[in-house]
Protein chains: 2
Amino acid sequence: MALDKNPKSFTKITLDEGEMPTQWYNIIPDLPSPPPPPLHPGTLQPVGPDDLAPLFPMDLILQEVSSESYIDIPGEVLDIYRQWRPSPLYRARGLEKALGTPARIYYKYEGVSPAGSHKANTSVPQAYYNKKAGKKKITTETGAGQWGTALSYACSLFGLECEIWQVGGSFDSKPYRRLMMEVFGAKVHRSPSNVTEAGRRLGADPKNFSGSLGIAISEAVEIAAQDPDAAYALGSVLNHVLLHQTIIGEEALRQFAKIEETPTLLVGCTGGGSNFAGLSFPFIREKLKGKMNPEIRAVEPASCPSLTRGKYAYDFGDTAGMTPLMKMHTLGHDFIPDPIHAGGLRYHGMSPLISHIYELGLMTASAVQQTECFEAAIKFARTEGIVPAPEPTHAIAIAIREALEAKKTGEEKVILTALCGHGHFDLAAYDQFLRGDMKDSVLKDSDFESALAALPRV
Amino acid sequence: MALDKNPKSFTKITLDEGEMPTQWYNIIPDLPSPPPPPLHPGTLQPVGPDDLAPLFPMDLILQEVSSESYIDIPGEVLDIYRQWRPSPLYRARGLEKALGTPARIYYKYEGVSPAGSHKANTSVPQAYYNKKAGKKKITTETGAGQWGTALSYACSLFGLECEIWQVGGSFDSKPYRRLMMEVFGAKVHRSPSNVTEAGRRLGADPKNFSGSLGIAISEAVEIAAQDPDAAYALGSVLNHVLLHQTIIGEEALRQFAKIEETPTLLVGCTGGGSNFAGLSFPFIREKLKGKMNPEIRAVEPASCPSLTRGKYAYDFGDTAGMTPLMKMHTLGHDFIPDPIHAGGLRYHGMSPLISHIYELGLMTASAVQQTECFEAAIKFARTEGIVPAPEPTHAIAIAIREALEAKKTGEEKVILTALCGHGHFDLAAYDQFLRGDMKDSVLKDSDFESALAALPRV
């Protein structure tokens, strides 16, 4: 199609509310083989729905193990989604012009949610199903704070209590994140905390001072498991969380269809994997159907490279070893990543479903250093007007690399990136970068040895 | 019309891009009399376009004095507006339910702009016209930081330098605001600064330590006046700024028409008045035409009550007395308001155009204390999911008062508020409120005497 040549024009591709998807997409039935099941750490037998019942409401457990391709989004969830959805798809004309690239770059922007990121796509249904199941309170962990903000937002709308363990390093460096959660009525602890057994035990080791997602999960799970009125919620990793995020990709497909454009490369950052899955799973479906053939690329931080340097093995989702064993790309549940600014990507493992899809050869992965990410972020902010969170700058960095490569080769590339949240609470990181004080992470193979050696034997 | 009764439903009233207004509305020709002209401080004669030429490009000066009712929005400005416009109009069902009120409350949300507030509606055209006039740099002041953010955003998109004087109290309490401007490439000074003559002179007086908008304006004007490649930009007060904001009200009118609803009360916060004018002027036009009859209410902070306790007189727009004399409601250009959290409302004067409309009896005004505002803000955040900036909480506080009054009387009220920005950079203020440490301002009549006595004699 003939595209508008005005370089200042923001091409925003919108959908009417009536075009918003009303179902989530479950990729599992479409895969050549199903992912290996989670195992009970005691019996090493596959975990059944009843094993998960102390932590999650049955509706979410059934979504976790569903073999249906599509699951209806409840009307009450759709009503709240409509506060910010359908989210816009933008063509990055300002960035393209600054790079002088022939590549066409698009970004699907999830920072328009009141919580500031894609996390609200799953916090709202999780709060809804917990409310429906009669729960009074939800506990969770948060890394960068995006997930904690999104869950406290959703809990406030459904009248649920919310108790959050925020990774220590993030708690210390992002006080506004904690305040945002408190404004929504949540109770926030610095993790490791002294209000849980796991927190006291792990917090006694000085190497755990800055915390990790694995430790914070242990704390939140412990409290939820003790209280029949409480449930635990996870912001990534699990199948049902990835499922809820697929509305992103379903919308993006409809938006691309509107402009008669097909991406040749999808890039999304990966921590636990939910943002990446949300954008890419519907495109992988189209790829499996032979309707398009984009490269699907996950981008992770060089300091926490579970896909590119981890092992594909059964491991715990948390540090204390309280969760089922999941087969995933992992750096070991004891691995404590450097306290980089992309706190949302500091997770030792990768979603089992994404790990499986990676093993199937349906996607690729790269790791990047944070200074390259922030350099890309500044370029993006000054040309596109949006200040990204540190996490999606990983995808932007790769999009820029690829666009510059296209400039050399003249190849026609259509790049789609997941811009999963804004960076309003991450400006101290930008400050450090602009002052020239940001450091990259230099990890030797030996840095991974001890945590990998401590993987459970299955 | 039959309205949806589901209390959890966010009623978002959207416009298609094709329904976005393409003209700004100039209210002056529709008023029974024109506002008194600005005067040259030396000659006391009305200021002509040439007097303003050292500071502003001619396109903006012609808008300032225009007698046309409608002015076309340039295509390049529309292209950028489309990044976030048309902005959503929401029905506040969650808040209504929590209040148990029969009133219907709507809010027009401008926090969806990448700069986070309505200020981008004027920063984009101001940057555009300056670029078109060959300017290389724009100087400005900023109070809360919303305007500085919006101007630095617009300058980055048009490749202009941006130099900003941020009111000292805001600079100290909102470091993320400065960082956001720096991410967009702006240079930011704490005002009073030592890089201007005005800053050095006024900064020598300890009472000016926390600064004021009036002082910051003096500094920005001084630098722009010295540099032929530079221009000055104001984020409120002037006719052309209010003009650019009318797209808010024009959209809101179209959105109300879609749901066949008519407001009975409009409330907007007022500092310099641009947000209030943006929403209300198109409704005042409809009122003057006899098509509807809403009460139009400005809400100002009790600590800076220019409409409710100021004098209608000629005064300077800045503290050093460098601007033309404008007839407006003023507390005196020497007045330094308490350092409240709504930094955007800490201005000694009120837009001359709004002051004139107030004198004509076409609108009313109230003043509220900040603790009432933050109490309203918490209620709003926990029911509507959006954390408002301190400025629009003034309008929310009055909307809640009126909705509770309607609950007593059973009166059918349809309230429309201007939610002009989000509070992501104002969370320290929320923290102070939640800790119970926020103070209200208690001003006696004698507190206003000295600044009012120093009004220029005209």
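This is a short tour of a predicted model, with stops at a buried strand, a few cysteines and the contact between chain A and chain B.

**Stop 1: a strand inside chain A**

Start by selecting residues 104–109 of chain A, which form strand β5. Is this strand enclosed or open? Of its 6 residues, 6 are buried, so the rest of the structure largely encloses it. Now show the side chains. In a regular strand, side chains alternate between the two faces of the sheet. On one side of β5(A) you will find Arg104(A), Tyr106(A) and Lys108(A); on the other are Ile105(A), Tyr107(A) and Tyr109(A). Both faces are covered.

Next, add the strands that pair with β5(A). Select residues 89–91 of chain A for strand β4, which pairs with β5(A) in the antiparallel sense over 3 bridges. To see one of the partnerships, pick Leu89(A) and look across to Lys108(A), its bridge partner in β5(A). Then select residues 414–419 of chain A: this is strand β15, which runs parallel to β5(A) and is joined to it by 6 bridges. Here Tyr107(A) has Thr417(A) as its bridge partner in β15(A).

**Stop 2: cysteines without disulfides**

Move on to Cys420(A). Why does it form no bond with Cys269(A)? The closest cysteine sulfur to that of Cys420(A) is in Cys269(A), and at 4.1 Å it is too far for a bond, since a disulfide needs the two sulfurs within 2.5 Å. Cys420(A) is buried, with a relative accessible area of 6%.

Hop over to chain B and select Cys155(B) together with Cys162(B). Cys155(B) is in no disulfide either, and the nearest cysteine sulfur, in Cys162(B), is 4.1 Å away. Cys155(B) also counts as buried, at 1% relative accessibility. Over all chains, a search of the whole structure finds 0 disulfides.

**Stop 3: where chain B meets chain A**

Finally, show both chains and select the residues in contact: 50 from chain B and 50 from chain A. How much area is buried between them? The value is about 4100 Å², and carbon and sulfur atoms give 59% of it. If you look for salt bridges across this interface, the count is 0, while 13 residue pairs are in polar contact between the two chains.

To explore the chain B side, colour its helices α3 (75–81), α6 (146–158), α8 (175–183), α15 (370–384) and α17 (427–434), each of which supplies at least two residues to the side touching chain A. End on α8(B), which gives the most to that side, with 7 residues.

Notes
Residues are numbered from 1 along each chain as its sequence is written. Chains are lettered from A and ligands numbered from 1 in the order in which they are written. This is a predicted model: local features need pLDDT of at least 70, side-chain atom pairs count only at pLDDT 80 or more; totals for chains, interfaces and linings use all residues. Side-chain values use heavy atoms; hydrogens and water are left out. Buried means under 20% relative accessible area, exposed over 50%, partly exposed in between (1.4 Å probe, protein chains only). Helices (H or I, at least four residues) and strands (E, at least two) are DSSP runs, numbered from the N terminus. Two strands pair if DSSP finds at least two bridges between them. Contact means heavy atoms within 4.5 Å. Buried area is the accessible area (1.4 Å probe) that two parts lose on being put together, summed over both. A salt bridge is a side-chain nitrogen of Lys or Arg within 4 Å of a carboxyl oxygen of Asp or Glu. A polar contact is a pair of N or O atoms within 3.5 Å; within protein, one must be able to donate a hydrogen and the other to accept it, and residues adjacent in sequence count only if both atoms are side-chain atoms.
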